[in-house]
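Trainee: Got a minute to go through this one with me? I'd like to start with the contacts.
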Amino acid sequence: MPSITKILITGTLKSGKSTLVKQFQNRCGVYVITETARDIIENRTFTDVAIMQQTIYKEQLRREEEAEKLAAIQSKTVILWDRGLVDIIAYSNVLGVRVPKSWEESCQDRYGLTLILNKDDIPYSSPDLDVGCITPPWE
């Protein structure tokens, strides 16, 4: 069985992450995990942000584990994540939600490549990560 390349698409609000992921899905037939937080927030109301973040984290983790199995069954060699666990941690920090150490540990070596999309042309680089940073438009 061929190995699966895991690519996390992350970045600033309205930077074109979902649009880019859809382009790859339509043109290249890669396996895609849609933005979990968006799917949950559009369908549920939360009064407690900590519960909201925990719900999103658990569902993201479930989707990622399921994706690896399904991608292998469908002979897909690339999985694209439209946001990932690291985004949930970042938003939890912004919202003042305590991030369990287990969440941080679950992100270690999780994605093969991280692509950061950046609407406002904020420079980003990391010598320790395999990271790319691009700006829209994608068409």
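Trainee: Of the contacts with a separation of 6 or more, what share comes from residues 24 or more positions apart?
Mentor: That share is 68%. Keep in mind that this is a predicted model.

Trainee: How many helices and strands are there?
Mentor: Five helices and five strands. Along the sequence the order is β-α-β-α-α-β-α-α-β-β.

Trainee: And what percentage of the residues is buried?
Mentor: 38% of the 139 residues. The accessible surface is about 8,600 Å², with 52% of that on carbon and sulfur atoms.

Trainee: Let's move to the sheet. Which strands pair with β3?
Mentor: β1, residues 5-11, runs parallel to β3 and is joined to it by five bridges. Ile7 has Leu80 as its bridge partner there. β2 also pairs with β3 in the parallel sense, over three bridges. In that pairing, Tyr31 partners Ile79.

Trainee: How many residues of β3 are buried?
Mentor: Four of the five, so β3 is largely enclosed by the rest of the structure.

Trainee: Switching to α3. What span should its 25 residues have?
Mentor: Helix α3 covers residues 49-73 and should span 36 Å at 1.5 Å a residue. Its end C-alpha atoms are 36 Å apart, which agrees.

Trainee: What happens at the start of α3?
Mentor: A side-chain oxygen of Asp48 comes within 2.8 Å of the backbone nitrogen of Ala50. Just after the helix, Ser75 has a positive phi of about 55°.

Trainee: Which residues of α3 are buried?
Mentor: Met52, Gln53, Ile56, Tyr57, Glu59, Gln60, Arg63, Glu64, Ala67 and Ala71. Their cover includes β2, α2, β3, α4 and α5.

Trainee: There's an arginine in that list. What does the side chain of Arg63 make a polar contact with?
Mentor: With the side chain of Asp39, at 2.8 Å. Arg63 has a relative accessible area of 18%, so it counts as buried. Leaving out residues up to four places away in sequence, Arg63 touches Ile33, Thr34, Glu35, Thr36 and Asp39.

Trainee: Glu35 shows up there. Is Glu35 buried or exposed?
Mentor: Glu35 is buried, at 14% relative accessible area. Glu35 also forms a salt bridge with Arg38, with the closest N and O atoms 3.5 Å apart. Arg38 is partly exposed, at 40%.

Trainee: How many salt bridges does the structure hold?
Mentor: Nine. One of them links Glu66 and Arg62, with closest N and O atoms 2.8 Å apart. Both lie in α3, four residues apart, about one turn of the helix. Arg62 is partly exposed at 39% relative accessibility. Glu66 is partly exposed too, at 38%.

Trainee: Back to the buried ones. Which residue forms a salt bridge with Glu64?
Mentor: Arg110, with the closest N and O atoms 2.4 Å apart. Glu64 sits in α3 and Arg110 in the loop between α5 and β4, so the pair ties together parts that are 46 residues apart in sequence.

Trainee: How much of that pair is accessible?
Mentor: Glu64 has 1% relative accessibility and counts as buried. Arg110 is buried as well, with 18%.

Trainee: Last one. Which residues do salt bridges with shared partners join into one network?
Mentor: Asp39, Glu59, Arg62, Arg63 and Glu66.

How values were computed:
Residues numbered from 1 in each chain as written. Predicted model: local features only at pLDDT ≥ 70, side-chain atom pairs only at ≥ 80, totals over all residues. Heavy atoms only, no water. Helix = DSSP H or I, 4+ residues; strand = E, 2+ residues; numbered from the N terminus. Buried < 20%, exposed > 50% of the residue type's maximum accessible area, 1.4 Å probe, protein only. Contact = heavy atoms within 4.5 Å. Areas by Shrake-Rupley, 256 points an atom, 1.4 Å probe, with all protein chains shown as cover. Expected span 1.5 Å × (residues − 1). Polar contact = N/O pair within 3.5 Å; in protein donor to acceptor, adjacent residues only side chain to side chain. Pairing = 2+ DSSP bridges. Salt bridge = Lys/Arg side-chain N within 4 Å of Asp/Glu carboxyl O.
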